[in-house]
Amino acid sequence: MIPASCAYHRAASVEEAIALLAEHGGEAKILAGGHSLVPAMKLRLNQPAVLIDIARIGSLRYIRQEGGHISIGAATTHNDIACSGLLAEHLPIFPQAADLIGDVQVRNRGTIGGSIAHADPAADWPAVLLATDAVVVVKSTDGIRNIPAADFFTGFYSTALVEGELITEVQIPLPPAGTRATYQKFMQPASRFAIVGCAVALTSNGGNCSHVRVAFTGVGDTAFRDYDVEQALQGKVLSADSVSAAVQLAAKDAVILGDHYATETYRGHLARVFLKRALQQVIA
Ligand code: FAD
């Protein structure tokens, strides 16, 4: 299928992209890797009058350490993240999750900014960002906003972004010593989107859980932190019993999706299975 025709601008800088967004308002869409937007345009689910291409803005593509956090530019591809030595050293959950996204072509073109702006309920990054307490930095002609991941994903393909805003980077605090994190998913075999994905970041001191984050994607209409599971583990001695009790709470209060990939009951079961696998990984 061929998308409806539209105007195309290739922005050379963040400032130009933001100015174009302000000029064209709700008629414009940012084009990054195009791996979610272009299929939606071909299906006429999305028909922007103006495309603002940010894929060649070099200043949006980086992974660097700044003070107490690592910053990832919005136009950084999944493959850049999969291959990053800096992330492998400090936040290995990022390369691990990146490697599980789609296929080589998707990883080479798709970007972290595009993925989180699109907020597909089965996308991988939202769960990873929630579990690592990431902050999404957005810019517009009105200035800069820093949005915690916990406030960013607001619903089915919905985010806290407002008209005229461009995601410029994701900041992830460096985790305290003793933290281990992992992302485990049951994937759709063709696309590799998450039928259920579970990210866990856990800090343990002498066998006690001093800090824990648990986030799911694919389970409901948007990625979410599972506060019940976190509370069940916080401050506890990490044992087979405490893990088992926490696992029973997985997605307990979520409205679980049922579709042709997995019924609601099966997804609920997978949430428990993949939470258990993730906890076993970080505790091992
Ligand atoms: P685009 O398609 O260019 O844009 C997507 C949306 O985000 C658009 O609305 C656009 O306007 C907006 N946008 C883009 N960048 C910004 C920005 N900086 N600021 C504000 N808005 C912005 N994803 C997974 O998580 N896991 C998978 O296993 C997976 N498998 C896939 C398999 C296939 C075959 C395909 C085609 C895609 C798959 N994806 C998967 C999705 C893929 O990761 C996309 O790359 C991603 O969802 C969108 O990123 P993009 O850079 O291509 O964004």
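Begin by colouring domain 1 and domain 3, whose centres, taken over C-alpha atoms, are separated by 35 Å. The protein as a whole is divided into domain 1 (7–53), domain 2 (59–173) and domain 3 (179–283), with bounds that come from an automatic or database domain assignment. This is a predicted model, in which local features need pLDDT of at least 70 and side-chain atom pairs count only at pLDDT 80 or more, while totals for chains, interfaces and linings use all residues. Residues are numbered from 1 along each chain as its sequence is written, and side-chain values use heavy atoms, with hydrogens and water left out.

Next, select the ligand together with the 32 residues that surround it, a residue being included if one of its heavy atoms lies within 4 Å. The closest of these are I30, L37, T111, D124 and R192, and the shell divides into 15 nonpolar, 13 polar (Gly counted here) and 4 charged residues.

Now show the polar contacts, which are pairs of N or O atoms within 3.5 Å. At I30, a polar backbone atom is 2.5 Å from an oxygen atom of the ligand, whereas at T111 a polar side-chain atom lies 2.6 Å from a ligand oxygen atom. Moving to S191, you will find a polar backbone atom 3.0 Å from a nitrogen atom of the ligand. The ligand taken alone exposes 980 Å², of which the protein buries 91%, with areas from the Shrake-Rupley method and a 1.4 Å probe.

Finally, highlight β2 (28–31), α7 (112–118) and β10 (166–173), the elements that give two or more residues to the shell around the ligand; helices (H or I, at least four residues) and strands (E, at least two) are DSSP runs, numbered from the N terminus. The largest share, 5 residues, comes from α7.

Key
A polar contact is a pair of N or O atoms within 3.5 Å; within protein, one must be able to donate a hydrogen and the other to accept it, and residues adjacent in sequence count only if both atoms are side-chain atoms.
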